[in-house]
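Me: Please take a close look at one part of this structure: its aromatic rings. Which rings pair up, and where do they sit?

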Amino acid sequence: MPIVAQSTETTDWVSRFADEVIEESERRASDAAKSVATAPVVVVASGLSPSGPIHLGNLREVMTPHLVADEIRRRGYTVRHLISWDDYDRYRKVPAGVPGVDDSWAEHIGKPLTSVPAPKGSAYPNWAEHFKAAMVKALAELGVEYDGISQTEQYTSGVYREQVLFAMKHRGDIDAILDQYRTKKTPAKKQQGQKPVDEAELEAAEGSGAAAEDDGSSGSAGYFPYKPYCGRCEKDLTTVTAYDDDTTELSYTCTACGHFETVRLSEFTRGKLVWKVDWPMRWAYEGVVFEPSGVDHSSPGSSFQVGGQIVGIFGGKQPIGPMYAFVGISGMAKMSSSKGGVPTPADALQIMEPQLLRWLYARRRPNQSFKIAFDQEIQRLYDEWDKLAAKVADGAVLPADAAAYARAVGTAAGDLPRTPRPMPYRTLASVADITAGAEDQTLRILSELDPENPLTSLDEVRPRLDKAETWINTQVPAEERTVVRDEPDTDLLKSLDDQGRESLRLLLEGLDSNWSLDGLTHLVYGVPKVQAGFSADATPKELPPEIKVAQRTFFALLYHLLVGRDTGPRLPTLLLAVGQDRVRKLLGA
């Protein structure tokens with residue numbers, strides 16, 4: 001597809017997709033004989049199923065179109081970002097590890113998610129609303145502007161009635177398309193107690209090319225792309241046994257409870273199109289121009305591939321749809337709020353600012369996988385983020401990196417709230433670790449980091465400080481937490497040779513004049529240099545390799561004397577946190 005020339009200098013993946021989406025949207029408006037003098041409303045879409053915790057992988061389903069929609073808004077266009085809450089999907093299984101849920105929830109398998117009780121103790125009316133709520137809150141914190149659509153409301157209010165009747169009338173055409181991808185007969189209908197067939201959530205099983213999900217009722221009466229929910233037990237373990245196109249009378253039986261019923265589909269709203277038909281129907285109904293999908297949709301017979309053919313039956317076109325790769329996780333030690341054992345956007349936002357999380361999604365093309373860090377790697381990510389911010393401020397940054405940064409810190413509506421004075425995350429985490437959250441101690445230490453511009457209130461370093469403190473308290477194992485000694489290690493002090501005692505003397509002599517983060521950094525790295533006969537200011541190029549060994553030995557000695565371990569927080573931060581008087585006591589002054 002040709003790219004529309006834009007005045008923007010950014011050349012990142014978001015800009016390129018925005019070019020394509022704008023061009024495609026204008027082409028469709030022109031094809032529909034609409035005036036191109038008025039720019040069309042550009043529609044992008046995401047779909048989320050609140051069948052359990054909506055995890056960080058699902059967030060890519062939202063962030064990809066959000067970033068593209070936001071770029072289009074920045075160019076002055078009107079954009080609708082639809083998020084379809086697939087809350088009318090069937091309840092497929094009882095997820096493991098969800099507090100307030102036990103095996104009794106298995107009796108609800110097959111019902112719509114909005115008909116399943118919420119976990120015990122929940123403030124929400126049903127299962128779908130319970131898991132939707134955390135995502136809604138996270139999206140607000142991330143600055144994602146969208147129009148939410150409940151599929152339960154769409155179907156039960158009759159919004160899709162004409163589309164349902166149209167699909168039933170053209171069931172033969174739909175069946176012919178689906179049959180091209182069937183490599184085996186449609187799975188037998190499931191009995192109560194058996195593992196039921198899912199819809200969108202079984203996409204991952206489609207690698208063989210077979211239509212693994214239930215794509216409709218294929219019984220003695222023929223194929224039907226519609227699944228009624230049973231009028232007695234509310235489950236979708238039903239089979240359509242007859243349908244009259246003229247009267248729209250539909251008969252079905254339920255294999256779960258044996259219920260039989262004849263209804264008029266032109267008035268009946270307790271059911272839905274099967275996923276492989278439902279998705280392309282929505283593309284046509286909403287006029288979706290851009291919607292991404294996971295890599296599991298790229299195989300023959302997958303919903304996106306099949307939908308590209310079925311959408312034509314509804315008079316629509318398939319959206320531009322990049323495949324997005326998986327999002328991995330590093331760490332995740334014991335995040336208790338991660339219901340079901342998968343980290344969610346809410347979990348990530350407890351330990352990182354929204355800007356950092358947005359940046360992780362913005363800087364990688366959709367087809368590139370990446371990891372979100374819950375372990376020590378988060379400190380390196382924050383260092384990288386802060387360096388990028390400094391380069392942007394200096395104007396010494398590549399256009400694509402500058403674009404990713406701009407997309408991370410704000411949207412077309414304005415910048416996201418940010419930490420006024422963003423001190424290094426690793427420093428804040430170390431201080432929170434050492435002080436165990438004591439605010440007076442925290443303020444004392446942080447105010448000494450830069451004596452020429454001392455911190456006067458912890459509000460200046462919030463919310464980043466709070467995120468770092470949460471990370472320390474939830475993700476760092478107890479055995480790795482920092483506990484400063486109460487008393488000197490006299491045995492170790494007595495065992496030191498002349499060189500060891502001299503290194504401590506040089507350090508203690510320099511504390512007063514170097515009591516700042518930069519000063520102490522210079523001091524602790526400089527002591528081994530001075531002992532070896534070099535200047536404390538000597539650069540690595542001027543020093544022999546043995547100096548690095550001497551520095552590591554010196555650092556290990558200090559850690560043992562201060563915290564009783566080989567390693568710990570960065571020494572300058574640790575020294576500031578411990579305080580001069582206590583440092584002198586523990587180092588045997």
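Reply: Here is a walk through the aromatic pairs, with the chain around them as the setting.

The model is predicted. Start with the setting. The chain has 589 residues, and 52% of them are buried. It holds 21 helices and 16 strands. Take the contacts between residues at least 6 apart in sequence: 69% of these join residues at least 24 apart.

Now the rings. The count of aromatic pairs comes to 21. Two numbers describe a pair of aromatic rings: the distance of the centres and the angle of the planes.

Look at F166 and F314. Their ring centres are 5.8 Å apart, with 45° between the planes. This pair is tilted. Stacked would need an angle under 30 degrees, and edge-to-face one over 60. Where do F166 and F314 sit in the chain? F166 is in helix α5, which covers residues 161-169. F314 is in the loop between α8 (303-313) and β12 (323-324). The two are 148 residues apart in sequence, so the pair ties together distant parts of the chain's sequence.

Is F166 buried or exposed? Neither: its relative accessibility is 31%, so F166 counts as partly exposed. The cut-off for buried is under 20%. F314 has a relative accessible area of 15%, so F314 is buried.

Next, W275 and W279. Their centres are 5.2 Å apart, and the planes differ by 20°. This pair is stacked. Both residues lie in helix α7, residues 275-286. They are four residues apart, about one turn of the helix. Both are buried.

Rings can also link up in a group. Y88, Y155, Y160, Y229 and Y285 form a cluster through ring pairs.

A ring can have a charge over its face, too. R363 lies over the face of W359, 4.2 Å from the ring centre.

Last, the nonpolar cores. The largest has 101 residues. Within this core, L59, M352, L357 and I372 touch the most other members. Leaving out residues up to four places away in sequence, M352 touches L357, L360, I372, A373, I378, Y382 and K467. Another core lies apart from it, with 30 residues. Among them are L165, Y229, L265 and I310. Y229 is also one of the tyrosines in the ring cluster.

Conventions. Residues numbered from 1 in each chain as written. Predicted model: local features only at pLDDT ≥ 70, side-chain atom pairs only at ≥ 80, totals over all residues. Heavy atoms only, no water. Core = buried A, V, L, I, M, F, W, Y, C linked by side-chain atoms within 4.5 Å. Buried < 20%, exposed > 50% of the residue type's maximum accessible area, 1.4 Å probe, protein only. Contact = heavy atoms within 4.5 Å. Phe/Tyr/Trp six-rings, centres within 6.5 Å; stacked < 30°, edge-to-face > 60°. Lys NZ or Arg CZ within 6 Å of the ring centre and 35° of its normal.
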